[in-house]
Every structure is written in C-alpha cells, then in structure tokens.
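I set out to record what I looked up in this structure: its empty spaces, its helix packing and its unusual backbone sites. The entries are kept short.

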Amino acid sequence: MNAATPARLLVIDDEPDLRTLYELTLLREGYEIDSAGSVAEALAHLQATQYSAVITDMRLPDGSGLAVLRWLEQAARTEKAIVITAFGSAENAVEALKAGAFDYLTKPVDLRQFRLVVASALGRVAPEPSPAAAESGAAAATALRLVGESPAIRAVRSLIDKVARSMAPVLVQGESGTGKELVARAIHEHGARVGGRFVAVNCGAIPENLLEAEFFGYRKGAFTGANEDREGFFQAADGGTLFLDEIGDLPLAMQSKLLRVIQERLVRPVGATAETPINVRILSATHKDLGAEVAAGRFRQDLFYRLNVIQIRVPPLRERLEDLGLIGARVLARIAQDAGVSPTPRLTSGALQTLSRYAFPGNVRELENLLHRALALAGGEWIDADDLGLPETLLDEDRSESQFAALETPLASTPVSEGLSLPEQLPSDLARYLDEVERAILLRALELHRFNRTAAAASLGLSLRQIRYRMARLAISAGDS
C-alpha cells in the first residue's frame, strides 16, 4: 500500500450507534471503513479484503472478538487488531493481548484515545524523534548485552521480535546485571514506537513522598517548591515507551495509583483538576519473584496481572557460559574504543578458562567491570588469567568445559531423596541421624552434577561457600561415592 492510498479498517460491533460513532470518527481521520455486526459477517469481510487494522468489540451476538483474533493468527494475516472491552474487565483485556491484539480500549471509549491507538497501530504516531546518535548508541548497547548463540539468549531474542509488534505489557524477569533494561530497549527499538522516547525509571531509587509528582508531574503551586509546571514520566514517554525498572520496589499506595493510570490511560498531575490522556507502552522489570510478592501481600494482584501479560526471563551469565568468548570480545571492543586503545586486546584461552570457573553473581555487568580493570592492568594485546585478578578462592576448580552441561540439569528433575527412607522408629541419636541424611542428600546432588560443587549447590538452593562448609563438616571429598 503506497502513501497515497488511505488505510482500510474493519470495525466490528453489534451496537449500531457505537459502530456509527467509530465509523464517523475514523472517516474524519481519512481512513476507509468497512463494518460488521457479528463474527460471521466480520470473517466474510476478512476473507474478501485485506485490511490495515481490525477494531472489534469483545462481546458479539455469535461469539467473541477473540474468535476474530484467532482467525487472523491462524491465517497468518498482518492486520493489527484493537479490542474494545467492557469497563473494568481486566481479564478480557489480558486475554485479548495474549491472543495477539495490538492494544485494547475500555468502554466508554474516549474518542481522542481511540484515534491515538488506531494511529499507533498503523505507525502514524509522530512523537518527538530521538537524536540519531542516541539511537545508534542504544542499539549498540543492546547488541552488546544480547550477543551470544546459546539456546537461552536465542529464546530471549525470539521473544523480543514477537512482542515488539504489539502494545502488550511485558515483564522482564532476571537477576541484577543480566541486562533487563537492554531487553526493554530492544523491544522499543524493534517496535512501531522506535521514533518515540524510551523513558527508563528506577522505581526503587525515588523517595516515596516524591513518587506521585515524579510519575504524574505537578502544577505550579501544588506544594512548597513547585515554582513551575513540570511533566512526569508518563507525559515524557507519551507516544513512546515507559520502562519501570524494579517495579517490585513500589509501595502499595503507589501501586494502586499506577494501576488506575494503566487502566484509564489518564494522568492527573499533582495540583491539577483535569486528567490528561496519555499514549504509553508499559514495560517493567524486576529481580524479585512477583508471584511470591503477591502471595505475601506486598504487591497488588490486579497490577501483577496487568504487567505480566508476557514475561521474558533473562538468563544469568552462569546459564550461558558458552557465550563468554563472544560477550568478552564485544565488551573489550567497546572499552578499547572508548579508551582509544588499538588494537583491541583479546582474551587468552587461559583467561577464558578462568572466567568459565567463576560464578558471576553480578552477571554481565560484573564481567564488564572485570574486563575494564583487566584491560588497564594488561597493557598489551592479550589479557591473561593473571590480569583478571580473580582469587582462587572464588573459582570452582572442579568446573571444566566437559562439565558445563551439568549446569543445565536441575536437581529437581531427579530428586535427591531417591533411595533415602526414614526409619520406622526415631533414632536415639537424632543429631547423628540428621547428619547422615544431610550427607546422603549432599552426595546425591554432587554425584548428579559430577561433583561440580557450584551446580550442586545451586540445585539445593545453597551458595558455594555453604556447600563447602557442609562438605568439610561432614567429611565429604571428591572421592566419596
């Protein structure tokens, strides 16, 4: 379709008045419109015509709008789907997004928001463009963290490609230093909002009494020190993407306010009397188990369901050690360029072997810091094991290349309790008996992981130091079996 051809849209709603309202609104925007009042009528239109977007009510006389979405997916059609749901029906909205909807609206539909969502689906939102240099820098940083060919990182890249095409909220889960923000940036850069702003917010770094003003903005005179109007994070990200990092750190009171803004897509600055529509895609991240936080009463369940429509788990570095060489080379190339060092130093095989024996609790961020220091100390073309400055006490001497696969086998798949049984009567020396049970469990875990202590400890929920202490206390050595 060339630029001179107006986009053709299909509007599906069984209420004639609402259908007419949507049609007139879109006709004024220059679109060509077809309409349908049922699933059957909509499918007949779709079989005969290719559309730019489909706008469908959720409840229809002969079925659900989800049936239209499923047909589009099965037919591999390219139309963007926008679903209209009843007010407050969060479950329907989440179900629609999971079924492939680009976005959703709730009744009664705000026509300004309606026009914005349709324009966004068609790629016609024209927010303030980012400077080319900033875009280039962001893309380079994203590529840096997502480099690798391990199955784990391939799965992350595949998910990014899929979710970038919609407006569905995404929750990025992972340990500190794994690159959660860069995954969020990649989603933004691969989507229709690449020309808009990417606003990243660390929810745990803002004092609680300033949260509302920072998120929603304020009006002059709203409080002492408010000498002028100021926009908040939502207004700054309008037409683009708002990334809420460490969302699990938000206090409950702010969670409630955030939920309302996400549902209504309206923001009321502190001190203002009127609400302002906003058009923002929400991405969030956390290192916490939000499901457990919900169970403990520290995170709102309804907000969790809103944010966790699609989840991307970013693997820790220890789960993709085969990528160490590629990541290390990319990190060193960037560091050397920034420092004006030429040629770019390279890691020796000894250095790579040493790195592969380290657990990397700080993940890729820690690797970057480690290589920064190593490059300064090496002062030559090669970085060797000694330049890394990793003490032997932090390395697992039992880990070798042939044992990396053991890290992929969780102990849960083969219970350590197999072969163990409790006595019919409680032993008289309970402490000795418990030591025997603990020794058997540890031995079982170590055998399953070929005496790789780091992997065995991880499978039992222990640190390397804890398993070493228990092995020493229970006189377990590598020769035991």
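The entries below follow the order in which I looked things up.

**Entry 1. Status of the model.** I note at the outset that this is a predicted model.

**Entry 2. Second largest pocket.** I looked up the second largest pocket and found a volume of about 590 Å³. Its lining comprises 23 residues, and those nearest its centre are Ala99, Gly100, Ala101, Lys162 and Arg165. I then asked which elements each supply at least two residues of this lining. They are the helices α3 (65–74), α4 (90–98) and α7 (151–163), together with the strand β6 (80–85). By class, I recorded 13 nonpolar, three polar and seven charged residues in the lining of this pocket.

**Entry 3. Cavities.** How many cavities of 30 Å³ or more does the structure hold? I found three. For the largest cavity I noted a volume of about 160 Å³. It is lined by 13 residues, of which Met167, Ile262, Arg265, Val280 and Ile282 are the closest to its centre. Two or more lining residues come from each of β7 (103–106), α11 (252–264) and β13 (281–286). The lining of the largest cavity divides into ten nonpolar and three charged residues, with no polar ones.

I turned next to the second largest cavity, whose volume is about 90 Å³. Its lining includes Phe102, Ser120, Ala164, Ser166, Ile187, His188 and Arg281. Met167 also belongs to the lining of this second cavity, and I had already listed Met167 among the residues closest to the centre of the largest one. The lining of the second largest cavity has five nonpolar, five polar and two charged residues.

**Entry 4. Packing of α7 and α8.** Having met α7 in the pocket lining, I looked up its packing with helix α8 (residues 180–189). The angle between them is about 40°, and their axes are 8 Å apart. This angle makes α7 oblique to α8, and the crossing is right-handed. Val156, Ile160 and Val163 of α7 meet Val183, Ala186 and Ile187 of α8. The class count for this contact is six nonpolar residues, no polar and no charged. I note that Ile187 is also a lining residue of the second largest cavity.

**Entry 5. Packing of α14 and α16.** Helix α14 (residues 324–339) packs with helix α16 (residues 363–378) at an angle of about 55°, the axes being 10 Å apart. That angle makes α14 oblique to α16. I recorded a right-handed crossing for α14 and α16. On the α14 side, the residues in contact include Leu324, Ile327, Val331, Arg334 and Ile335; on the α16 side, they include Val364, Leu367, Glu368, His372 and Leu375. The contact of α14 with α16 divides into ten nonpolar, two polar and two charged residues.

**Entry 6. Backbone exceptions.** Most residues other than glycine have a negative phi, and most peptide bonds are trans. I therefore looked for departures from this pattern. Arg265 is not a glycine, yet has a positive phi of about 60°. Arg265 lies in the loop between α11 and β11 (266–267), and this residue also appears among those closest to the centre of the largest cavity.

Where is Pro343 found? I placed Pro343 in the loop between α14 and β15 (346–347). The peptide bond joining Ser342 and Pro343 is cis, with an omega of about -5°.

How values were computed: Residues are numbered from 1 along each chain as its sequence is written. This is a predicted model: local features need pLDDT of at least 70, side-chain atom pairs count only at pLDDT 80 or more; totals for chains, interfaces and linings use all residues. Side-chain values use heavy atoms; hydrogens and water are left out. On a 1 Å grid over the protein atoms alone, a cavity is a set of points where a 1.4 Å probe fits but cannot get out, and a pocket is an open set with protein on both sides within 12 Å along at least five of seven lines; lining residues have an atom within 4 Å of a point. Grid points are joined across faces, edges and corners, and a volume is the space filled by probe spheres set on the points. Helices (H or I, at least four residues) and strands (E, at least two) are DSSP runs, numbered from the N terminus. Ala, Val, Leu, Ile, Met, Phe, Trp, Tyr, Cys and Pro count as nonpolar, Asp, Glu, Lys and Arg as charged, and the others, Gly among them, as polar. Axes are lines fitted to C-alpha atoms, for helices over the stretch in contact, and angles run from 0 to 180 degrees between N-to-C directions. Angles under 35 degrees count as roughly parallel, over 145 as roughly antiparallel, 65 to 115 as roughly perpendicular and the rest as oblique. A crossing is left-handed if the near helix is turned anticlockwise from the far one by less than a right angle, and right-handed if clockwise. Contact means heavy atoms within 4.5 Å.
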